[in-house]
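Student: Hey, can you walk me through this one? I'd like to start with charges and rings.

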Amino acid sequence: MSILNLGILAHVDAGKTSLTERLLFTAGVIDEIGRVDDGSTQTDTLELERRRGITIKSAVVSFRVHGRTVNLIDTPGHPDFIAEVERALSVLDGAVLVVSAVEGVQAQTRVIARTLHRLGIPTLIFVNKVDRGGARFDGVLDEIAGRISPAIIPMSRVDGIGTRDAKVGADVDMVRLADHDDQVLSAFVEGRPMPRIRVRGKVHPVYFGSAITGAGIDDLVDGITRLLPAATIREDGPPAGRVFKVERGGAGERLAYVRMFRGTLRVRDTLGADRVTGIDMFADGAARACGAITAGRIGRIRGLSSARIGDDFGVREIGANESSFAPPSLETAVVASRPAERGALHAALSELAEQDPLINLRQDDERQEVYVSLYGEVQKEVIGSTLAEQYGLAVTFRETTTLHVERLLGVGEAVEFNKVEPNPFLATIGLRVAPGPVGAGVSFGLEVEPGSMPPAFFTAVEQTVHETLRQGLRGWPVPDCAVVMTHSGYSARQSHSHAIFDKSMSSTAGDFRNLTPLVLLEAVRRAGTVVLEPIHAFRAEVPPDTVPAVLPLLARLRAVPLATSTTVISGEIPAARVHELQRRLPALTRGEGVLESVFDHHAPAQGPAPTRERTGPDPLDRKEYLLRVLRRTGSSS
């Protein structure tokens, strides 16, 4: 059995969803092709997707063609929903990257292509819309070679490009192919039959066609079935897979979308504390109930109430692709229009955070506000519409602000001892913090014996370390930090003479959760931090005569041009200034300027270090922190 888990990826409006419809029609799964503009497609099932004409959530549909089962994942193309793309990439065997023959290689195309290259995912390129006015052949190939990869092999010829009657035929460029494959080169020189091309993430066959008219689709299908490698089927051993999507069913139950990498998962199997109560396997255009799902397949699993996106089960060496797009760089507060619905709003946003963990839900109990992280304004509009339509909640948003981070300047240590003033908690905690490599995240280690106190106490410290570092000295996250526990201690369980347990005499996990923020932020204070702002790499294509007008604007926006040619300016710009550049560029370039930008790195913020309002008790104000914590716990310590 041959299975291919295939992603359809593109910049918004390149025609991914239309291509998905055409592939389903070609495979005989549907009798009529739906249209994005009419909201009648198979994979854009949300009302919001149909109304806006864009893909917001990734969707799975399956079909059989030429003896191969293809599980196709249609992903969003808008950059505000890049997190959905990242999750899909982790379970793919191959991909089709869609490029518009009119607009060419666009900003999101390049972001996705770089990630596909880094992960080594075998990829075909499909140049869509050859029937549209302004469609190009050589120009688009040049853009693909210059902006995505020079290792491309044109597989098509197009007659009448740019017209409704455009015809596409197979026409492999053997000379280019020989440049990238020694076996092909040898056969080409000796005049022998060409060996079969295998795409392994290095060479990209390029097909041209139209999802609307069907031109070139048969050739693309042939490439999907012949050139992209099938899933590796490992039937032996315990079940292993990855959760790449979570949603809620009609009855509010959690549904986990799983790619199986090994073994067989059956109804009534247990995964951790959860028991599988139902399995829907994708096949022939629908999700069908079944008793088991095997390696290579994608299914929708019921009963995994604790499943989170990115969770692996079974052995860890399961071969999933590890993607890493940039995190969101914006934040906004979501406010319930009706104060009585604040609790319902938090519950609704918590459910949305299950489906998209990167919104990083953050609650300010004092101001009764909830904060979410964003990639852009369209995502904010979608969250507002979702809350209104699915949950019946009217909300407003505060002004969107730029998310900064804090980086440690050095090493810092702090310790507080059990039953030693001014520590009111029955716990000893010592912590040392040090800067970690960029992108490494927060790590937690021990310099004390693991058996020196109950495991639950170590767990409480580790969990609280991660929670506390969401707000550093100036309120921003501290994302890359190595934390080591240097001291530990506790008061063993004690009882009065009548054998009744007295928690005032004995340590609890709560003592460690409450003391950890005080010790950790004191260590961070001693290490010191610097506030960093997100920086985007940008590329602006402008008419040659407008470059002198654009450069002063870039200077005012604190952009740094690193390379300038006759028509292209590239460099770096603070993320906070990208929107203004997008807004003002058209007026300076007669509407012809095209801007691409993507997060690149963090750099020290200019001017006075910006601060963010803290949420919850503030460990930096020890007196106020202890008052709030002890009031909350009811302790008189």
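Tutor: Sure, starting with the criterion: a charge sits over a ring if NZ of Lys or CZ of Arg is within 6 Å of the ring centre and within 35 degrees of the ring normal. Keep in mind that this is a predicted model, where local features need pLDDT of at least 70, side-chain atom pairs count only at pLDDT 80 or more, and totals for chains, interfaces and linings use all residues. Residues are numbered from 1 along each chain as its sequence is written, and side-chain values use heavy atoms, with hydrogens and water left out.

Student: OK, so which residue lies over the face of Y257?

Tutor: K245 does, at 4.9 Å from the ring centre of Y257. R259 lies over the face of F261 in turn, at 4.4 Å from the ring centre.

Student: And ring on ring? How many aromatic pairs turn up?

Tutor: The search of the whole structure gives 5. Rings of Phe, Tyr and Trp (its six-membered ring) pair if their centres lie within 6.5 Å, with planes under 30 degrees apart called stacked, over 60 edge-to-face and the rest tilted. F457 and F512 count as stacked because their ring centres are 4.7 Å apart and their planes are at 25 degrees. F457 sits in helix α11 (residues 455-468) and F512 in helix α12 (residues 509-527), so this pair ties together parts that are 55 residues apart in sequence.

Student: How do you number the helices, and what makes a strand?

Tutor: They are DSSP runs numbered from the N terminus: H or I of at least four residues for helices, E of at least two for strands. The chain has 15 helices and 33 strands.

Student: Back to that pair: are F457 and F512 buried or exposed?

Tutor: Both are buried, meaning under 20% relative accessible area; exposed is over 50%, and partly exposed is in between (1.4 Å probe, protein chains only). Across the chain, buried residues make up 53% of the 637 residues. There's also a cluster of F244, Y257 and F282, linked by ring pairs.

Student: Switching topic: what's the strand order in the open sheet of 7 strands?

Tutor: The order is β2-β3-β1-β4-β5-β9-β6, with mixed pairing. Two strands pair if DSSP finds at least two bridges between them. β2 (59-65) and β6 (152-154) stand at the edges with a single partner strand each, so one side of each has no neighbour in the sheet. Inside the sheet, β5 (residues 123-128) and β9 (residues 204-208) run parallel and are joined by 3 bridges, with I125 opposite V206.

Student: Which strands does α4 lie across?

Tutor: α4 lies across β1 (2-10), β4 (94-100), β5 and β9, at about 160 degrees to β4. For such angles, axes are lines fitted to C-alpha atoms, for helices over the stretch in contact, and angles run from 0 to 180 degrees between N-to-C directions. Contact itself means heavy atoms within 4.5 Å. Helix α8 (residues 217-226) lies across β1, β2, β3 (68-74), β4, β5 and β9, at about 170 degrees to β5.

Student: Why does the span of α4 agree with the expected one?

Tutor: The expected span is 1.5 Å times one less than the number of residues. For the 13 residues of α4 (residues 107-119) that gives 18 Å, and the end C-alpha atoms are 19 Å apart, which agrees. Of those 13 residues, 10 are buried, among them V111, I112 and L116. G120 follows α4 with a positive phi, near 70 degrees.

Student: Why is α1 called largely enclosed?

Tutor: Because 9 of the 11 residues of α1 (residues 16-26) are buried. The cover over those residues includes β1, β2, β3, β4, β5 and α8. Just after α1, G28 takes a positive phi of about 80 degrees.

Student: Last one, the hairpin: which way do β15 and β16 run?

Tutor: β15 (residues 278-283) and β16 (residues 286-290) run antiparallel, joined by 5 bridges. A283 has A286 as its bridge partner. The hairpin has 2 residues between the strands, and D284 takes a positive phi near 50 degrees.
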